[in-house]
Amino acid sequence: GQEQRHYEDVLASRLLARDNDHYRIYMKLRRSKIITVTYNTEHDVKYRRLGSSRATARSVATRIAQLDNAGTPQERELKVGSDSGYLWRLNAYWRYEAVNGGVLIECESVSLSRAIPFVLRPFATGAVEGVARESLERTLVGLRRYLIAQ
């Protein structure tokens with residue numbers, strides 16, 4: 001499939017299936033903060049029109065597999081449950097509204113990690129939250145850069 005690199009965190013992407021406004025998408029994601037973690041992910045995305053000037057999209061990750069030795073010939077997926085657990089679930093809710101002179105775009109992203117061991121929580125919780133916040137920020141900045149270039 002055709003790959004596009006509009007977003008810094010998306011290393012690769014392709015359309016797996018489409019049925020009208022319902023898509024299945026593969027993305028290879030990289031998240032960086034203290035450490036860099038790479039994932040193979042699949043997403044169920046549904047778009048919905050709300051009248052002539054508004055639309056929404058809901059993206060739910062249906063598969064998240066952390067990669068070991070990402071970017072090397074030894075790259076392999078770790079078994080779910082035996083990975084770091086930093087990214088366990090990932091949903092995004094987009095809202096679009098046509099306004100005079102452009103389109104307002106709003107994104108709400110929810111990412112969950114599995115339980116972090118008690119002794120690591122003071123250190124890891126802030127890092128996990130920071131990764132999610134910075135990833136969403138990079139997504140929105142990348143989208144803005146792409147739209148301005150059009």
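This report describes strand pairing, one buried asparagine, two loop residues and a surface patch in a predicted model.

## Strand 4 and its partners

Strand 4 covers residues 54–68, and strand 3 covers residues 36–49. These two strands pair in the antiparallel sense, with twelve bridges between them, and one of the bridge partnerships links R49 to A55 in strand 4. Four residues lie between the strands in the hairpin that strand 3 and strand 4 form, and in this hairpin G51 takes a positive phi near 85 degrees.

Strand 4 also pairs in the antiparallel sense with strand 6, which spans residues 89–99, and this pairing has seven bridges; within it, A57 has W94 of strand 6 as its bridge partner. Strand 5, made of residues 76–77, runs antiparallel to strand 4 and is joined to it by two bridges. In that pairing, R76 of strand 5 is the bridge partner of D68.

## A buried asparagine in strand 3

N40 is located in strand 3, and because its relative accessible area is 12%, which is under 20%, it counts as buried. The side chain of N40 makes a polar contact of 2.7 Å with the side chain of Y26.

Leaving aside residues up to four places away in sequence, N40 touches Y26, M27, K28, R63, I64, A65, L67 and E77. Of the strands already described, strand 4 covers residues 54–68 and strand 5 covers residues 76–77, while strand 2 covers residues 22–32.

## Two loop asparagines with positive phi

Most residues other than glycine have a negative phi. N20, although it is not a glycine, has a positive phi of about 55 degrees, and N69, also not a glycine, has a positive phi of about 55 degrees.

N20 lies in the loop between strand 1, residues 10–19, and strand 2, residues 22–32, whereas N69 lies in the loop between strand 4 and strand 5. N20 has a relative accessible area of 62% and is therefore exposed, the cut-off being over 50%. N69, with a relative accessible area of 39%, is partly exposed.

## A nonpolar patch on the surface

W88, V110 and L112 make a nonpolar surface patch of about 240 Å². One of these residues, V110, is found in strand 7, which runs over residues 102–112. V110 has a relative accessibility of 35%, so it counts as partly exposed.

Terms used
Residues numbered from 1 in each chain as written. Predicted model: local features only at pLDDT ≥ 70, side-chain atom pairs only at ≥ 80, totals over all residues. Heavy atoms only, no water. Patch = residues over 30% accessible without salt bridge, like charges linked within 9 Å, V, L, I, M, F, W, Y side chains within 5 Å. Areas by Shrake-Rupley, 256 points an atom, 1.4 Å probe, with all protein chains shown as cover. Salt bridge = Lys/Arg side-chain N within 4 Å of Asp/Glu carboxyl O. Buried < 20%, exposed > 50% of the residue type's maximum accessible area, 1.4 Å probe, protein only. Polar contact = N/O pair within 3.5 Å; in protein donor to acceptor, adjacent residues only side chain to side chain. Contact = heavy atoms within 4.5 Å. Pairing = 2+ DSSP bridges.
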